[in-house]
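Open the model in your viewer and keep the sequence panel beside it. We will go stop by stop, selecting as we go.

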Amino acid sequence: MSKRPQPLLADDKPLKSSAHKRRDPTQPSLLLDPMPLRVEPALALLKPRPPGDPRFIAEVKFDGYRGALHIEPGGVRFLTRGGHDWTERFPGIADAARDLGVASAILDGEAVVLDEQGRSDFAALQRSLGGRGGKLPSGNSVFYAFDLLYLDGHDLQKMELSSRRHLLEELLDGREGAIRFSEQIEGDAVSIFNAACEHGLEGVIFKHPDSPYRSGRTGDWIKVKCIQSESFFIVGYEKSAVARGGVGSLLLAAHKGNGLQYVGSVGTGFKSKDAAELREMLDKLAMKKPPLFYDGPRKNVAWARPTLIAEIEYRAWTDDGKLRHASYKGLRDVQDNAAVLVIEA
């Protein structure tokens, strides 16, 4: 018979998993905070360069699916950034969460698949799940935890980040399995960022150590990317008799005002199998007319409803608002709450 996990933060009263009401301020002797059903994630604000404030701590920017691990006496849940339950897609992570030896907790982090150099690979993660919208169990995914929002009856969101991470590090206790601690990178911000880019990482996240956990893009967290990467709608494709899957390139669009703006095309980064699957999906979304203003070549162009969202790497923007040196990384899932780039009007 397995032993009941002992809470890391001891209380005078046993944990009650049914407590989903706010604490009554007239009863200060009640020590337990109700466990939130879901917490809107804190998001990093994109900046062109590392922060000048030396107090900011640095972590690797991972390229995967953001999620929150909810550990309760009744079970474990993996909730996506959009609030969808993907527990069955990450069985190894769920099993590792059950083995943490904690009664209740909410861990904020990112599910990734690592390449041979130990870098997160979004395309590999998608393949492990069966492609965009895939529901296959990912057997080789890892959850890098970087924040702790709730622990054994205590809501930690108002606690400063440095203390939350200290508790998280103690909870994970050096584990190297399916759940791992996102380590802080030591050094000055500029040197850390330059080193990350030299090692082929996507970028660095900088966080203020004294900040509470606040949902949304508040500026407490800052991301600086080595390679630019954003999400765009696929609004069509250029047909080709010689290219993989009959797709020469994908036509991309971003939000602008109340409509869409064409931002160029991408013809690299996808394999023959990817191209064939993309063409099949886009043909089901076919439109006779373009869903936006388009002044490019119209010969051999197939239009599609702006439904599929692609993650695209690029080096820069041209003067006329097109992506330069773009490369396809994969399709985002709607349940991942992917945000298509908004161009300021």
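How many residues does the hairpin use to join S3 to S4? It uses 2 residues. Keep in mind throughout that this is a predicted model.

**Stop 1: the hairpin**

Select residues 65–72 for strand S3 and residues 75–80 for strand S4. The two pair in the antiparallel sense, over 6 bridges. To see one bridge, pick Gly-67; its partner in S4 is Thr-80.

**Stop 2: Leu-107**

Stay with S3 residues 65–72 on screen and add strand S5, residues 105–112. Leu-107 lies in S5. Draw a C-alpha to C-alpha distance from Leu-107 to Ile-71: it should read 8.4 Å. In sequence, 36 residues separate Leu-107 and Ile-71. Is Leu-107 buried or exposed? Leu-107 has a relative accessible area of 0%, so it counts as buried.

**Stop 3: two aspartates with positive phi**

Most residues other than glycine have a negative phi. Select Asp-152, in the loop between strand S6 (142–151) and strand S7 (154–155). Its phi is near 45 degrees, a positive value in a residue other than glycine. Now select Asp-173, in the loop between H3 and strand S8 (179–181). Asp-173 is not a glycine either, and its phi is positive, about 50 degrees.

Colour both by accessibility. Asp-152 has 2% relative accessibility, under the 20% cut-off, and therefore counts as buried. Asp-173 has 61%, over the 50% cut-off, and therefore counts as exposed.

**Stop 4: a negative patch**

Keep Asp-173 selected and switch on the surface. Which residues form a negative surface patch with Asp-173? They are Glu-169, Glu-170, Glu-176 and Glu-183. Of these, Glu-170 is found in helix H3, residues 161–172.

**Stop 5: the open sheet**

Hide the surface and return to the cartoon. Strands of a sheet pair through backbone hydrogen bonds, either parallel or antiparallel. Select S1, S10, S9 and S2: in that order they make an open sheet of 4 strands, with mixed pairing. The edges are strand S1 (45–46) and strand S2 (57–60), each pairing on one side only.

Now take strand S9 (residues 203–207) and strand S10 (residues 221–225). S9 and S10 pair in the antiparallel sense over 5 bridges. Which residue in S10 is the bridge partner of Phe-206? Select Ile-222 to see that partner. The tour ends here.

Technical notes
Residues are numbered from 1 along each chain as its sequence is written. This is a predicted model: local features need pLDDT of at least 70, side-chain atom pairs count only at pLDDT 80 or more; totals for chains, interfaces and linings use all residues. Side-chain values use heavy atoms; hydrogens and water are left out. Two strands pair if DSSP finds at least two bridges between them. Patches are made of residues with over 30% relative accessible area and no salt bridge: like charges are joined within 9 Å, nonpolar side chains (Val, Leu, Ile, Met, Phe, Trp, Tyr) within 5 Å. Accessible areas come from the Shrake-Rupley method with a 1.4 Å probe; for residues, only the protein chains shown count as cover. A salt bridge is a side-chain nitrogen of Lys or Arg within 4 Å of a carboxyl oxygen of Asp or Glu. Lys and Arg count as positive and Asp and Glu as negative; His and the chain ends are not counted. The place of a charge is taken as NZ of Lys, CZ of Arg, CG of Asp or CD of Glu. Buried means under 20% relative accessible area, exposed over 50%, partly exposed in between (1.4 Å probe, protein chains only).
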